[in-house]
Amino acid sequence: MRAFTVRATIGASVALLFASVPLSAQTVGRIRGSVTDAATNLPIAEVQIAVLGTTFAAATNAGGSFALDNVPAGPRTVRIRRLGYAQIDTGITVPEGGEVRLDVALRAAPSVLSQVVVTGTAEVSTRRQLGNSVTIVNAEEENTRSVNQSVTDLLQSKAPGVSVLPGSGAPGTAGEIRIRGASSISGYRPVIYIDGIRYNDGQLGNFNPTGSGQIGQAQSTQVTSALDFLNPNDIESIEVIKGPAAATLYGAEAAAGVIQVITKKGTRGQQATRWTARYERGENEWALDTPVNYTFCNQAKVDSTNAAGPIWPGCQGRLNQFITDEPMRRDPDAMRVGDLEKLSLSLRGGGERYSFYVSGDHDRDEGIFFNSFARRRSGRGNFGFVPTEKLDFGVNVSYIHTDLRLPFQDETANSVLLSAARGKPGRVSVVGEGWSTSSPRVSNRYKNNTVSDRMTFGATVNFRPKTWFRNRFIAGLDYTASEATLLLLPGEFDTPEGYSAKRVPRTRVYTLDYTGSVDKQLPWNLLSTTSVGSQVISSRTERLDASGTGLGAPDVTIIGTATITAGNNTFSEQNSVGYYVQEQLAWRDRLYVTGAVRADDNSSFGKDFDITIYPKASIAWVLSEEPRLASWMQAIRADEFKLRAAWGKAGRAPLPFSAVQTYTIDKTPFATASGTTTSVPMLRANAFGNPGLKPETSQELEVGFDAGLFNHRAGVDFTFYTKRTEDLLQSTAAAPSFGFPGNRQVNLGEVANRGIELSLFGTPVQLTNFAWDTRVNLATNRNRLVSFGIPGRLREAVPTQPYGAVQEHRPGYPLGGYWARLPQRNADGSPVVVGSTVQLQTDATYIGPSMPTREMGFSNTFTFFKNLRLYALLDYKGGHYIFNLKESNRCISNDNCARVNQSMNARVPVSAADSVLWREFLMWRQVTSVYIEKADFIKLRDVSLSYTVPRQWLGRIGAEGATLTLTGKNLALWSDYSGIDPEVNSYGGRLFGRVDAYASPMVRRLTMSMTVNY
């Protein structure tokens, strides 16, 4: 009986198969077409084409073409969408056994209400539903019109409210990122995610570029960040949420904002596999003035001699004259034109049930100093699978290998810039003519390398058992392993006996995230979406350090063979877990009210800590879809207009082990029975901790609107925010009665920030052979320390200012503001001088903030004859100051700067008028505060010229598209700042410390790239 049933089933199946063949041929058809830009008529690649109500989908190739086979015949609705363009839904009729043509021109969409957002939301949402501001940087578009080397390049001047200040122009060094000002005394770094996986953006473990520090030279803190080693060509977009009003779902880590990098994915659907090859070649060069040194040849210098002859040979015959020198320009060993080369290859495709994106790149970036470079090799694989219409999952894997070499920088006696800036023309120098402390040949032998390997793995599963019930699971690991090496051979600078050191850090960050959402249709046209979720972040860092002083020979550099060896290892672990529930009510798909609550716990607070609750509420109202307001919208020419408001709380956890008592081991001399002394380990109290420690809590209110105007030709995005942070994490001295040394953290004090953010963007001109696209981003920030909350504390110097305490935290003023004693002034404005000493005011005066209070990015894209495109980006930052320590050193300590060497009458006054010059001369020679200068600047960040090769020219190589791009970065600087570059910071690794202390300035980067699509 069973055999008969099996045979019958097989027979019926075969008959049905053969019977269905002609039926299928008659009931399906084909859709072919192309997608172009409505303004330029150029083809658009990577446009997603989907037949609604079916599983049929496709993506356009580099030529903008697509094809969909075996589409069920009959009336169909096709959705065409791509990031940066207005979505189109169009109806067509698919003929049985035939073909229908669908050619579409997409219009760039300045209004972004339809943009998809994944950051800060319980599930994938569109901007029309959000009551908070989210900035989306279209990285794919940015990489099309220019050449970007890093995430910093992509963010610079693209996101209002996001301040990016590079610390140095040396390859591999990282800048500071602040979002809506500084909300804490103890930190302001945002949280970073890559495709939903928490990403460690800490230092790579490198040694500070100051030599071994054996002679007190360890003052530089140039930092590195793995974030800048991501391949920018792998990035599709970057989403930025800027504060507690949007960051509640991230708990006690997100008060300073969240940045999520979204990498490229394949597109599910019928398509040919697409190859993209990109080759970049360019150079880095010193773009600004180099230090010009001065010497005033007085009688004392002319007469000064020793056994070898004149000490100032350059002053012979030059009495009472000024002589100059510019050693960095003159000496061929000081600088070079660094090569830049990059090769990227990617493969993208998909089918009905899968999609993929695979890429690899090799990047070599040489700095302007001979021992400076950053090299990267990376690979990425993003895979998506759709087993059923109810289940899909994606796997993202990336590997990055970097090799970084940092040159001497900042306040290092052996750095090229310091030695050049302090040189004295005309004087005999044992290190070389015009150089002060070290010659370039010596500095170039400095070996400070960091090799890093980074693996990031993530998996995302979406399960929809019912149309009204959705689940999302995310799991991932970000693992970084580095090996930093510092080597000074015997006989070299800093440590003549030889020095070898290694540092091996390992960091693991685990992410687990679940969200479930349920939709329910309610009366009165209300749709309820209830979401619940949980998030676990676990990080663990281990580091091993070893060093050896006194190497036997240049060829034997093993630490174990050194005369004196030392070792150390550290360990840190932090775990965070949170649970949240969110409710969103949508009325007629145009009014959205959202409320959420998160309960959060963190291991840094110790075992006695209870959960912290972070609430959130927002409202978004699409007024342009209200029938009663239609006439008003027509009057202001608004196609889309959304009002929004959001309020929320988020936190910031302290460093691990801050809440608990900790102990350490010391080696202590111990007398043995035989009368000898030996070292034995003994337990010692380390830190008392604070079991009552809580997170810093920030609450923020923001209101604003998004608008699309003039038939989608222009757009506006405006936000006003006010943010207050309470229970600041501060260090106070532990009471001696505790029996523990040092400090402990407490929750006291308050900080306030407020500002506005405005984006204006659109297409003022759109003709057949010419188009002009423009964008202006404006942002302001007013930062203020409300109170320390500690009785009697009225001021606190910013930590670690070896150059002198010129920055302080004071209630009522910005964090890290500049304070100094200014010179007293006469009625005519000249300094008051008693004898030959400039008199200073009794109390310190507030000079200004250390961070920009206003910023503007202004970009324009001009398209000529559809194939030629010119892009330019101007960046303005202002309202802040910086301490020009380099010039202070030159004028006060070295007497070789321009200010004190431009007038002989100022040095040797011969008239009453000259006495005023003399007082000014003394001020520049004696007073530090006058070197705290305004740091306002405008930089021409980017100028790019792109040419899209006509497709008919590519037939011989079989390519579908090709683009040639010429890019210039940092082409010009306009500023009244007397230093080289007002944007540098020699102490980027120290909170709030900002000083120009011989850091490498911005470099000009000229690049040519060729992108070919197959």
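**Notebook: N747, a buried strand, cores and cavities**

I started at N747, which lies in strand β39, residues 743–747. A reminder to myself: this is a predicted model.

Is N747 buried or exposed? I looked up its relative accessibility and found 12%. Buried means under 20%, so N747 counts as buried.

Next I asked which backbone atoms the side chain of N747 meets. It reaches the backbone nitrogen of K694 at 2.6 Å. On the D727 side, I found the backbone oxygen 3.0 Å from a polar atom of the N747 side chain.

I then listed the contacts of N747, setting aside its neighbours within four places in sequence. One run of partners is G692, L693, K694, P695 and E696, and D727, L728 and L729 are in contact with N747 as well.

**Strand β15**

I moved on to β15, residues 235–241. How many of its seven residues are buried? I noted six, so this strand is largely enclosed by the rest of the structure.

Then I looked for its partners. Strand β10, residues 134–137, runs antiparallel to β15 and is joined to it by four bridges. Strand β16, residues 258–263, also pairs with β15 in the antiparallel sense, over six bridges.

I238 made a handy marker for me here: it stands opposite V137, and it also stands opposite V261 in β16.

**Nonpolar cores**

I turned to the cores with a familiar rule in mind: in soluble globular proteins, nonpolar side chains tend to be buried together.

The largest nonpolar core here has 45 residues, and W286, M328, Y818, F883 and I932 have the most contacts inside it. I checked which elements supply at least two residues each, and wrote down α7 (416–421), β45 (817–820), β51 (881–883), α10 (885–893) and α12 (912–926). Helix α7 gives the most, with five residues.

I also found a second, separate core of 27 residues, with A159, I179, I192 and A226 among them.

**Cavities**

Last, I searched the whole structure for cavities of 30 Å³ or more, and six turned up. The largest holds about 730 Å³ of space.

Which residues lie nearest the centre of that largest cavity? I have S150, T152, D153, T173 and R1005, out of a lining of 40 residues.

Elements that each supply at least two lining residues include α3 (151–155), β23 (354–366) and β24 (373–388). I also noted β53 (937–948), β54 (961–974) and β55 (1003–1013) in that group. Strand β53 gives the most to this lining, with three residues.

Conventions:
Residues are numbered from 1 along each chain as its sequence is written. This is a predicted model: local features need pLDDT of at least 70, side-chain atom pairs count only at pLDDT 80 or more; totals for chains, interfaces and linings use all residues. Side-chain values use heavy atoms; hydrogens and water are left out. Buried means under 20% relative accessible area, exposed over 50%, partly exposed in between (1.4 Å probe, protein chains only). Two strands pair if DSSP finds at least two bridges between them. A nonpolar core is a set of buried Ala, Val, Leu, Ile, Met, Phe, Trp, Tyr and Cys residues joined through side-chain atoms within 4.5 Å. A polar contact is a pair of N or O atoms within 3.5 Å; within protein, one must be able to donate a hydrogen and the other to accept it, and residues adjacent in sequence count only if both atoms are side-chain atoms. Contact means heavy atoms within 4.5 Å. On a 1 Å grid over the protein atoms alone, a cavity is a set of points where a 1.4 Å probe fits but cannot get out, and a pocket is an open set with protein on both sides within 12 Å along at least five of seven lines; lining residues have an atom within 4 Å of a point. Grid points are joined across faces, edges and corners, and a volume is the space filled by probe spheres set on the points.
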